[in-house]
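Work through these exercises with the structure open beside you. Try each task before you read its solution.

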Amino acid sequence: MHTQTLAGKTAIVTGASSGIGYATALALAKAGAAVVVQARRQERLDELVRLIESQGGKALAVAGDASREEDIDNLLEQATSWTRGGSKYDIVVVNAGRGLAGGILHSDESQWQEVYDVNVLGAGRLLRRAGHYLVQRKGGDIVVVGSSVGRNISPFSGFYGSSKFAVGAMAEALRREVCTAGVRVSVIMPGIVVSEFQGVAGYNAENFGKTVEQFGKLLQPQDIAEGIQFLVSLPPHVNINEMMIRPTGQPYP
Ligand SMILES: NC(=O)c1ccc[n+]([C@@H]2O[C@H](COP(=O)([O-])OP(=O)(O)OC[C@H]3O[C@@H](n4cnc5c(N)ncnc54)[C@H](OP(=O)(O)O)[C@@H]3O)[C@@H](O)[C@H]2O)c1
């Protein structure tokens, strides 16, 4: 299989102000794609756009909340009216999301709604809209950032993991609906990646550190970004539907 250049493609990346999304936007831009980046922190996006442009790439920041319907619609409208990006999009990386430490008994219930709003409902709304659009264009890529805890029940993030089971199921459901139109859908399932994720989720030495100490070197966002770049650079007739990437020393989940 020969991977293809992304020149001429436009990619939307949500959750691009930090971690996996930030690294993915950079990687896709380096591979030739024009990128449209979304997150809530505008100044981080502006800094990312400046960096991509300083490397000769094309980027557009559209600040917004990935769980809000009007912000999702605005993101897609901005992408399709951005003339430097060809007034269209070909690739959507559904990445915005957040973790939550603990299982059903001990995770902070006051944060349950927010976890599902962004990880499940926001992702679902973007999948639905991008799915319709790419079917009409008869091709394109949707990559959903799931999780190894969206496949295996996690001892330390059981509630969050359930949201990743849900988004993984939606991605596969969508794949079955759009694949005959030439649209690829893939789920990438990272193990533990060092990012702002741990702080947002509420992990600390007590509930997390001791376990992961034994895993050795953990993943960097760049490791996942390269996986995503590979998926969207495959020849159009090849769809790797699922990709799990763990630190070598992570036995579980
Ligand atoms: N790190 C891990 O170990 C790991 C493992 C498996 C899966 N994942 C998944 O990978 C994805 C990225 O996580 P990460 O590790 O890169 O974490 P991160 O560094 O915390 O980045 C999360 C990104 O999502 C954005 N975001 C969060 N809520 C949002 C919202 N409501 N609207 C718009 N943007 C939002 C954040 O931006 P703003 O705060 O600026 O909005 C940020 O850009 C998530 O879906 C996560 O569940 C992470």
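**Exercise 1.** Decide whether Ser-148 is buried, partly exposed or exposed in this predicted model.

*Solution.* Start with the place: Ser-148 sits in the loop between β5 and α5. Next, count neighbours: 19 C-beta atoms lie inside 10 Å of Ser-148. A buried residue needs 20 or more, and an exposed one has 12 or fewer. Ser-148 therefore counts as partly exposed. Now list its contacts, leaving out residues up to four places away in sequence: Ser-148 touches Met-189, Pro-190, Gly-191, Met-244, Arg-246 and Pro-253. Finally, check a distance: Ser-148 and Leu-126 are 22 residues apart in sequence and 22 Å apart in space, C-alpha to C-alpha.

**Exercise 2.** Pro-253 was one of the contacts of Ser-148. Find what kind of peptide bond joins Tyr-252 and Pro-253.

*Solution.* Locate Pro-253 in the segment after β7. Then read omega for the bond between Tyr-252 and Pro-253: about -5°. This peptide bond is cis. Most peptide bonds are trans.

**Exercise 3.** Describe the backbone and the exposure of Ser-87 and Lys-138.

*Solution.* Take the general rule to begin with: most residues other than glycine have a negative phi. Ser-87 is not a glycine, yet its phi is positive, about 50°. It lies in the loop between α3 (69-81) and β4. With 11 other C-beta atoms within 10 Å, Ser-87 is exposed. Turn to Lys-138. Its phi is near 65°, again a positive value in a residue other than glycine. Lys-138 belongs to the loop between α4 and β5. It has 9 C-beta neighbours inside 10 Å, so Lys-138 counts as exposed.

**Exercise 4.** Test the length of helix α2, then work out where its buried residues lie.

*Solution.* Begin with length. Helix α2 covers residues 42-54, which is 13 residues. At 1.5 Å a residue it should span 18 Å. The end C-alpha atoms of α2 are 18 Å apart, so the two values agree. Now pick out the buried residues of α2: Leu-45, Leu-48, Val-49 and Ile-52. Seen down the axis of α2, these buried residues fall within an arc of 100°, so they line one face of the helix. The spacing fits a general rule: an α-helix has 3.6 residues a turn, so residues three or four places apart point the same way. The face of α2 turned away from the buried side carries the exposed residues Glu-43, Arg-50 and Ser-54. What does the buried side of α2 pack against? Its partners are α1, β2 (34-38) and β3 (59-61). Gly-56 follows α2, with a positive phi near 90°.

**Exercise 5.** Repeat the length test for α8 and α5, and name their packing partners.

*Solution.* Helix α8 (residues 221-232) has 12 residues and should span 16 Å. Its end C-alpha atoms are 17 Å apart, which agrees. Buried residues of α8 include Pro-221, Ile-224 and Ala-225. The buried residues of α8 pack against α1, β4 (91-94), β5, β6 and β7 (242-245). Move on to α5, residues 158-178. This helix has 21 residues and reaches 30 Å from first C-alpha to last, close to the 30 Å expected. Among its buried residues are Phe-159, Tyr-160 and Val-178. These buried residues of α5 pack against α4 (112-137), β5 (140-145), β6 (183-190) and α6.

**Exercise 6.** Follow Ile-20 from its helix to its contacts.

*Solution.* Ile-20 lies in helix α1. It has 29 other C-beta atoms within 10 Å, so Ile-20 is buried. Leaving out residues up to four places away in sequence, its contacts are Asn-95, Val-145, Val-193, Ser-195, Pro-221, Ile-224 and Ala-225. Ile-20 and Glu-196 are 176 residues apart in sequence, but 9.7 Å apart in space, C-alpha to C-alpha.

**Exercise 7.** Describe the shell around the ligand.

*Solution.* The shell has 30 residues, and Gly-15, Gly-19, Arg-40, Arg-41 and Gly-97 come nearest. The elements giving two or more residues are α1 (19-30) and α6 (197-201). Helix α1 gives the most, with three. By type, the shell divides into 13 nonpolar, 11 polar and six charged residues.

Methods: Residues are numbered from 1 along each chain as its sequence is written. This is a predicted model: local features need pLDDT of at least 70, side-chain atom pairs count only at pLDDT 80 or more; totals for chains, interfaces and linings use all residues. A residue is near a molecule or strand if its C-beta atom, placed from the backbone, lies within 6 Å of it. Helices (H or I, at least four residues) and strands (E, at least two) are DSSP runs, numbered from the N terminus. Ala, Val, Leu, Ile, Met, Phe, Trp, Tyr, Cys and Pro count as nonpolar, Asp, Glu, Lys and Arg as charged, and the others, Gly among them, as polar. Two residues are in contact if their C-beta atoms, placed from the backbone, lie within 7 Å. The expected span of a helix is 1.5 Å times one less than its number of residues. The arc is that of the directions from the helix axis to the C-beta atoms.
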